[in-house]
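Student: I would like to work through this protein step by step, with each term explained as we meet it. Could we begin by looking at the model together?

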Amino acid sequence: RAKLQLDRRRRQAERQLQQCRGELADAVARADVAGEQLRKVKQQHGKQLRSLRAATGDLQQEVDAHLQLMEETEESLRTLGTEEEELRRSERRLAEHEQFLNDQAS
């Protein structure tokens, strides 16, 4: 009778072991699938990051070019303002000189 109980316990333990092995195999398979999905996600994120960095770099170049153009325009405006002042002074001197010549001719 004790031997029958031992055999029954052994068979029960073997069934439980088989069930555990099956569950372990399922878990390993799911882990493999999850690992593959993670690899694909990482790969996709890497591509997106490279693309984003390239786009950001292009945008930064555009911003830099625009800022450079603004600086050049401001410098041109300052130069033109200085030239305008010089022309106005020259125009006043010319008008004064013409007045002087007219006064002397009279």
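Student: What is the accessible surface of the protein, and what share of it belongs to carbon and sulfur atoms?

Tutor: Before the value, please note that this is a predicted model, in which local features need pLDDT of at least 70 and side-chain atom pairs count only at pLDDT 80 or more, while totals for chains, interfaces and linings use all residues. Residues are numbered from 1 along each chain as its sequence is written, and side-chain values use heavy atoms, with hydrogens and water left out. Accessible areas come from the Shrake-Rupley method with a 1.4 Å probe, and for residues only the protein chains shown count as cover. On that basis the accessible surface comes to about 10100 Å², and the share of carbon and sulfur atoms is 54%.

Student: How many helices and strands does the protein have, and what is its radius of gyration?

Tutor: Helices (H or I, at least four residues) and strands (E, at least two) are DSSP runs numbered from the N terminus, and here they come to one helix and zero strands. The globule rule, which is 2.2 Å times the number of residues to the power 0.38, gives 13 Å for 106 residues, and the protein is well over that, so it is more spread out than a compact globule. The radius of gyration, taken over C-alpha atoms, is 45 Å.

Student: What box do the C-alpha atoms fill, and what percentage of the residues is buried?

Tutor: Taken along the principal axes, the box filled by the C-alpha atoms is roughly 155 × 20 × 10 Å. A residue is called buried under 20% relative accessible area, exposed over 50%, and partly exposed in between (1.4 Å probe, protein chains only). Of the 106 residues in the protein, the buried ones make up 1%.

Student: Which residues make the nonpolar surface patch of about 240 Å²?

Tutor: Patches are made of residues with over 30% relative accessible area and no salt bridge, where like charges are joined within 9 Å and nonpolar side chains (Val, Leu, Ile, Met, Phe, Trp, Tyr) within 5 Å. One member of this patch lies in helix 1, which covers residues 2–105, and that member, Val63, is partly exposed because its relative accessible area is 43%. The patch is made by Val63, Leu67 and Met70.

Student: Is Arg9 buried or exposed?

Tutor: Arg9 is found in helix 1, and on the surface it gathers with Arg1, Arg8, Arg11 and Arg15 in a patch of positive charge. Because its relative accessible area is 56%, Arg9 is exposed.

Student: Which residue forms a salt bridge with Arg10?

Tutor: Side chains of opposite charge can pair when their charged atoms come close. A salt bridge is a side-chain nitrogen of Lys or Arg within 4 Å of a carboxyl oxygen of Asp or Glu, and for Arg10 the closest N and O atoms are 3.0 Å apart. Both partners lie in helix 1, four residues apart, about one turn of the helix. The partner of Arg10 is Glu14.

Student: What is the distance from N to O in the salt bridge of Arg88 and Glu84?

Tutor: Arg88 counts as partly exposed because its relative accessibility is 46%, and Glu84, at 40%, counts as partly exposed too. Arg88 and Glu84 both lie in helix 1, four residues apart, about one turn of the helix. Their side chains meet in a salt bridge with an N to O distance of 2.7 Å.

Student: Which residues do salt bridges that share partners join into one network?

Tutor: A search of the whole structure finds five salt bridges. Those that share partners join into one network Asp7, Arg10 and Glu14.

Definitions and conventions. Lys and Arg count as positive and Asp and Glu as negative; His and the chain ends are not counted. The place of a charge is taken as NZ of Lys, CZ of Arg, CG of Asp or CD of Glu.
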